[in-house]
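Please look through the sequence and the structure below before reading on. The paragraphs after them take up one topic at a time.

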Amino acid sequence: MSAPPLLQVEDLRLSFGGVTAVDGLSFTVDEGDILSVIGPNGAGKTSAFNCITGFYKPTGGKVSLDGEDITRLRPSAVAAKGVSRTFQNLRLFGELTVLDNVRAGMHLRIKQNAIDALLHTPRFRKSERIATEEAHKWLDFVGLRGDRAAEARNLPYGEQRRVEIARALARGPRLLLLDEPAAGLNHGEKNELLDLLGRIRELGIALVLIEHDMGLVMQVSRRIVVLNFGKEIADGTPEQVRNDPAVVEAYLGTEDETPAGPAHAEEEIS
Amino acid sequence: MASKLSSLMENRYLGWIGLAIALLAPFVSATNYSLSVMTSALLFVMLAVGLNIVVGYCGLLDLGYAAFFAIGAYTSGVLATRYDWSLLATIPVVILAAVIAGVVIGGPTLRLRSDYLAIVTLGFGEIIRITANNLEITGGPSGIFGIPGISIGGLDLSSPVAFYYTCVVAVALAVLGAARLGRSRLGRAWRFVREDEDAAEAMGIHTYKVKLAAYIAGAIWGGLAGILFGAQLTAISPQSFTFLWSALILMAVVLGGMGSTPGVVIGAIFVSVLPELLRGAADYRYFIFGVLLIVVMIFRPQGVWPTHAVERSARKRRTDDDSTVEVNQ
């Protein structure tokens, strides 16, 4: 038997009262994979992310990492196992400096205790220095141009996105979940994001994206999972998904109220 | 002018300046009255710095902080008067009692969101006071008398001047300790929790443990201040630990600037000394005090000396020419 996949989601279900947000979602992510989850607004993509990372307790199904069940763990425990994430609407620590934001990702790896901090022992100084150096490294990696000593909320939007990715990378993940990383970015920034995603993959980190920008999704993904009304309607390579009539129909049926012909749909997706 | 002021506010020798002022103050006026006012101000600073860990760093609203103060004062007072311990020897027991109290109150309540937490802590403050009022060992409503002064070895530090300087040393260490904790890994985690609990969790920070740590740290600071309080007054009673105390300490924190050490120190001095300075106004002094507080909060809602993010290491940083540093996993 081969080794279990890095991430395995099996028959994941989540309902709030009578509303079913995720309805039997299953997919796997292998080491170093890039997978995108797409679907119209309200399809349950972010809910699925929240279930995987422990923020929601799924009503059914199982999430495992390397064959280990992580379904009931709290978010910090999931993060400690090597699953890192960003949020759909930026969740930076706005009043803290950019560097402090990235240091948050290193929390579990900074070796010091309260006594070290009170006495400023050599161990304290060393761990602080390492944390700062590593924070700078990750900010270099994501190509941050802005002031690193500034409060994070004062950076331009695109820069804040980079800081959030740097923070997630600083956690040292094996799997990185990005919730709409291209939202609100201009064309140039999107190209830089594309480049960044490639470099993240080169580090051996598997990526799962939720993304609406189809150009980006088609270009970067190895596999695409399509959701609609919490149900998985397709899972395949960009090529397969692009040509899947069910996807084209479902995708446009809810996103666009006006009836759209197949020709328009083709244009939208490619 | 404004930049001059802000550079003064970032001065790294600020702590030494504050210590020098505290050390020199008795040379300006050393009457028993002024020493007592200044000693009370120091205790207030210690309490405010402790509460600042909970409210300022971690963003948890605590309306019953005087409870920890009471636990420290009673623990050391009972041990000193009934079992003849020296006050210094009670320190470890007070710390232990504060930790236990912090866990007992914080344990179940820190899972609550902030508004509920405020109500529960308010109730807890009252429970401690009423318990002290009804227990025999705490002397009931009349409290404990004859708490000895502090002495180290054979050296008696109970004269007003000696006690004042003892407090200067103790409070300086407390302020330094709180500030250092605030700039450590744990202190950052407190701020992450304050800013965004979910994002902190996503970074692997166990937010519940981090909040409990803030609560326990605050309890220890409050408990230790309680020892000094008992030594200063030589007598304590349940009336010493009313809700007004909790409110005044919280006021010092908010007024000075939540999360800012210099701000909180100034806020504490302001809140404790101002009513004394207004004694000339007789019956109107608390009225004037109240009006002044309202005015400050209207014109400076962030506090007189607000905190703002500072990056100590950033100044030393190389210029950004090598923006493609290789990152090794």
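What follows is a walk from the contact between the chains to the salt bridges and then to one buried residue.

The model is a predicted one, and a good place to begin is where chain A and chain B touch. Chain B brings 39 residues to this contact and chain A brings 46 residues. The size of an interface is often given as the accessible area lost when the parts come together. Between chain B and chain A the buried area is about 3900 Å², with 58% of it coming from carbon and sulfur atoms.

Polar and charged groups also take part in this interface, where 12 residue pairs are in polar contact between chain B and chain A, counting pairs with both residues at pLDDT 80 or more. On the side of chain B that touches chain A, helices α7 (160-182), α8 (185-195), α9 (197-202) and α10 (207-233) each supply at least two residues, and the largest share, seven residues, comes from α8(B). Sorted by class, that side of chain B has 14 nonpolar, nine polar and 16 charged residues.

Four salt bridges are found across the interface of chain B and chain A. One of the salt bridges in the model pairs the side chains of Glu128(A) and Arg188(B), at 3.0 Å from N to O. Another salt bridge is formed by Asp196(B) with Arg91(A), whose closest N and O atoms are 2.5 Å apart. Asp196(B) lies in the loop between α8 and α9 of chain B, and Arg91(A) in the loop between β6 (83-85) and α3 (98-105) of chain A, so this pair joins two chains. Asp196(B) is buried, at a relative accessible area of 10%, whereas Arg91(A), at 26%, is partly exposed.

Over all chains, the whole structure holds 28 salt bridges. Within chain B, the side chains of Glu197(B) and Lys211(B) meet in a salt bridge of 3.4 Å, N to O. This pair links distant parts of the chain, with Glu197(B) in helix α9 and Lys211(B) in helix α10, 14 residues apart. Glu197(B) counts as partly exposed at 23% relative accessibility, while Lys211(B) is buried at 6%.

Which side chain of opposite charge is nearest to Asp179(A), a buried residue without a salt bridge? That side chain belongs to Arg85(A), 4.3 Å away, and a salt bridge requires the nitrogen and the carboxyl oxygen to be within 4 Å. Asp179(A) has its place in strand β7 (residues 175-179) of chain A, and its side chain makes a polar contact of 3.1 Å with that of Thr46(A). Leaving aside neighbours within four places in sequence, the residues in contact with Asp179(A) include Phe49(A), Phe87(A), Arg161(A) and Ile210(A).

How values were computed
Residues numbered from 1 in each chain as written. Chains lettered and ligands numbered in written order. Predicted model: local features only at pLDDT ≥ 70, side-chain atom pairs only at ≥ 80, totals over all residues. Heavy atoms only, no water. Helix = DSSP H or I, 4+ residues; strand = E, 2+ residues; numbered from the N terminus. Buried < 20%, exposed > 50% of the residue type's maximum accessible area, 1.4 Å probe, protein only. Lys, Arg positive; Asp, Glu negative; His and termini not counted. Polar contact = N/O pair within 3.5 Å; in protein donor to acceptor, adjacent residues only side chain to side chain. Contact = heavy atoms within 4.5 Å. Buried area = accessible area lost by both parts, 1.4 Å probe. Nonpolar A, V, L, I, M, F, W, Y, C, P; charged D, E, K, R; others polar.
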